[in-house]
Every structure is written in structure tokens, then in C-alpha cells.
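Here's a quick tour of one model, written for someone who likes to look at contacts and packing. Have the viewer open as you read.

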Amino acid sequence: NMAVSLEEANKVVQATIAKAKELNIKVSVAVCDPGGRLVAFSRMDGTIWASVYGSQGKAATSAGFGRASGELQDRADHPTIRAIIAADGGRMIPGQGAVPIIRNGVVEGACGVGGGTGQEDEVCAKAGVAAL
């Protein structure tokens with residue numbers, strides 16, 4: 001199975017939340033499979049509701065493109081990127097805050113974070129994925 005397991009996804013979620021607590025921020029964290037579908041999700045108490053969607057949209061972007069979602073930010077208006085997002089139903093968010101889970105050169109999912117600044121979100125997501 002070339003996808004992150006539930007056990008692994010939960011480990012990523014916990015490490016992400018630990019990093020958010022260290023930074024004294026409140027976030028939502030989403031871990032998805034290679035197709036951008038949710039495997040595990042958590043929202044810290046007091047986190048803004050929009051972060052629920054932001055974390056998932058950024059995770060889907062990262063999994064779909066196999067790179068940090070922030071790398072697509074400057075190209076978000078490129079016709080190809082826009083067409084892919086539209087074809088996927090508009091749920092992808094090409095903004096900073098998610099990183100892919102890649103093992104043996106294969107994208108097995110991604111971790112997306114919302115609630116902090118884009119940079120804070122990415123730092124948390126990287127910490128989460130590093131737990132694997």
C-alpha cells in the first residue's frame with residue numbers, strides 16, 4: 001500500500017500539534033492520502049474555523065503536486081495550475097502550509113496546516129512529517 005497509514009497519519013497529527021503548542025499557535029492539521037483524501041484530522045481548541053478548510057486544501061495541493069504547497073503560491077494563476085484545481089473541484093489551495101510525505105520517491109500523502117501564518121503552518125507540517 002503506497003499511502004500513509006492511519007497509525008502514521010495520527011503520529012504526524014500529534015507531532016504537528018506539539019510543534020504548534022511550542023510556537024504558541026492554534027491550528028488545524030490534515031493528513032491526506034496521495035489523492036488528497038483525508039486520512040486524519042485534528043483541530044486544536046480555539047482554532048479559527050476557516051483553518052479546517054485551509055489545512056485540507058493545502059494538504060491536497062501538496063499531495064497532488066508532490067511538493068510543498070507554498071512552492072505553487074507564485075504560480076497559482078498559471079493556466080495549468082488553475083485548470084488542475086478546477087478539475088479537482090476547487091478544493092486545492094496553493095498557499096504555504098503543507099508538505100508532502102514522500103518515501104522511496106513515492107508520494108504517500110501530505111500534511112497540511114492552517115491557523116497560523118503560512119510560514120508557521122509549514123514549520124508545523126514539516127515537524128509533523130519529520131515524526132515519520
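What follows goes through a core residue first, then an aromatic pair, with a small table on accessibility. Keep in mind that this is a predicted model.

**The core**

Let's start with Cys111, which sits in strand S4, the run covering residues 106–114. Is Cys111 buried or exposed? Its relative accessible area is 0%, and since buried means under 20%, Cys111 counts as buried.

Who does Cys111 touch, leaving aside residues up to four places away in sequence? The list is Val12, Thr16, Val29, Ala30, Val31, Ala59, Gly97, Ala98, Val99, Ala125 and Val129. Take Gly97 from that list: 14 residues separate it from Cys111 in sequence, while the C-alpha to C-alpha distance is 8.4 Å.

Zooming out, the largest nonpolar core has 20 residues, and the ones touching the most other members are Val31, Cys111 and Val113. Two or more residues of this core come from each of helix H1 (6–22), strand S1 (28–32), strand S3 (98–103), S4 and helix H4 (118–130). H1 gives the largest share, with 5 residues.

**The aromatic pair**

How many aromatic pairs does the structure hold? Just 1 aromatic pair turns up. Its partners are Trp49 and Tyr53: the ring centres are 6.2 Å apart and the planes meet at 85°, so the pair is edge-to-face.

Here are the accessibility values for the residues discussed:

| Residue | Relative accessible area | Class |
|---|---|---|
| Cys111 | 0% | buried |
| Trp49 | 60% | exposed |
| Tyr53 | 56% | exposed |

So both ring partners count as exposed, because exposed means over 50%, with Trp49 at 60% and Tyr53 at 56%.

How values were computed. Residues numbered from 1 in each chain as written. Predicted model: local features only at pLDDT ≥ 70, side-chain atom pairs only at ≥ 80, totals over all residues. Heavy atoms only, no water. Helix = DSSP H or I, 4+ residues; strand = E, 2+ residues; numbered from the N terminus. Buried < 20%, exposed > 50% of the residue type's maximum accessible area, 1.4 Å probe, protein only. Contact = heavy atoms within 4.5 Å. Phe/Tyr/Trp six-rings, centres within 6.5 Å; stacked < 30°, edge-to-face > 60°. Core = buried A, V, L, I, M, F, W, Y, C linked by side-chain atoms within 4.5 Å.
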